[in-house]
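Visitor: I am new to this structure. Please take me through one part of it closely, the packing of its helices and the core they share in.

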Amino acid sequence: ETLSKFIKEMGGVDLIVISAGTGEVNSSLDWHLENEAIKTNVSGFAALVNVAMHYFMEKGSGHLVGISSIAALRGGRESPAYNASKAFESNYMEGLRQKVRKSGLPITITDIKPGFVNTAMAKGDGIFWAAEPEKAAEQIYHVIKRKKSTAYITRRWVLIAWLIKLMPGFIY
């Protein structure tokens with residue numbers, strides 16, 4: 001409801017960026033923490049994307065950007081719901097990208113997968129290659145301008161993504 005009202009108040013939009021999420025280090029599998037990640041990163045994300053997609057399909061064009069995470073690539077023992085929910089976001093956007101491609105509508109769907117960024121979301125042990133927020137924002141801006149379908153932020157995370165995808169489970 002709020003997003004729909006906001007779009008109307010602005011007189012329409014061409015770009016919607018959904019950059020919301022939550023996740024905690026949760027090695028004890030506390031259900032409250034898991035459920036918060038699921039409610040926000042799955043249900044909340046899908047609800048906003050649904051409004052955005054209906055708006056863009058009715059309008060006949062637009063650009064939807066979702067900020068998922070490098071965590072979308074594999075499960076994670078420290079925050080299982082976070083990784084799984086980010087995988088949902090990436091897969092949901094991929095499905096929507098297929099849907100709009102088949103429809104022929106000029107709607108761009110961009111999945112941005114940041115690695116660590118020096119914000120409150122960077123939690124847990126093993127944080128490396130953490131980007132400064134300004135650098136991450138600049139790269140995100142350029143990805144949006146180029147209307148790419150998928151991007152890793154910062155760009156060096158492409159290497160980590162490649163390794164994560166290929167690494168056997170017993171090593172991962």
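Guide: What follows is a close look at helix packing and the nonpolar core. Keep in mind that this is a predicted model.

Start with helix 2, which spans 31-59. Its partner here is helix 3, spanning 80-103. The axes of the two come within 8 Å. They cross at roughly 15 degrees. Angles under 35 degrees count as roughly parallel, so helix 2 and helix 3 are roughly parallel to each other. The crossing of helix 2 past helix 3 is right-handed.

Now look at the residues that meet. Helix 2 brings Glu34, Ala37, Ile38, Asn41, Val42, Phe45, Ala46, Val49, Asn50 and Met53. Helix 3 answers with Pro80, Ala81, Tyr82, Ser85, Lys86, Phe88, Glu89, Tyr92, Met93, Leu96 and Val100. Sorted by class, this contact holds 15 nonpolar, three polar and three charged residues.

Pause at Glu34. This residue sits in helix 2. Is it buried or exposed? The cut-off for buried is under 20% relative accessible area. Glu34 has 10% relative accessibility, so it counts as buried. Setting aside neighbours within four places in sequence, Glu34 is in contact with Asn26, Leu29, Pro80 and Ala81.

Helix 2 also packs against helix 1, which covers 2-9. Here the angle is about 40 degrees, and the axes lie 9 Å apart. Helix 1 passes helix 2 in a right-handed crossing. From helix 1 come Leu3, Ser4 and Ile7. They meet Leu48, Val51, Ala52 and Tyr55 in helix 2. This contact has six nonpolar residues, one polar and no charged ones.

Next, the core. The largest nonpolar core has 16 residues. Within it, Ile16, Val49, Met53, Leu64 and Ile109 touch the most other members. Two or more residues come from each of helix 1, strand 1 (15-18), helix 2, helix 3 and strand 3 (107-114). Helix 2 gives the largest share, five residues. Val49 and Met53 also appear among the helix 2 residues that meet helix 3.

Finish with Ile109. Which residues is it in contact with, leaving aside neighbours within four places in sequence? They are Met53, Leu64, Met93, Leu96, Arg97, Val100, Lys148 and Ser149. Of these, Met53 and Leu64 are also named with Ile109 among the core members that touch the most others.

Apart from the largest core lies another, of nine residues. Its members include Val65, Ile67, Ile112 and Ile153.

Notes
Residues numbered from 1 in each chain as written. Predicted model: local features only at pLDDT ≥ 70, side-chain atom pairs only at ≥ 80, totals over all residues. Heavy atoms only, no water. Core = buried A, V, L, I, M, F, W, Y, C linked by side-chain atoms within 4.5 Å. Buried < 20%, exposed > 50% of the residue type's maximum accessible area, 1.4 Å probe, protein only. Helix = DSSP H or I, 4+ residues; strand = E, 2+ residues; numbered from the N terminus. Contact = heavy atoms within 4.5 Å. Axes fitted to C-alpha atoms, helices over the stretch in contact; angles between N-to-C directions. Parallel < 35°, antiparallel > 145°, perpendicular 65-115°, else oblique. Left-handed = near helix turned anticlockwise from the far one by under 90°. Nonpolar A, V, L, I, M, F, W, Y, C, P; charged D, E, K, R; others polar.
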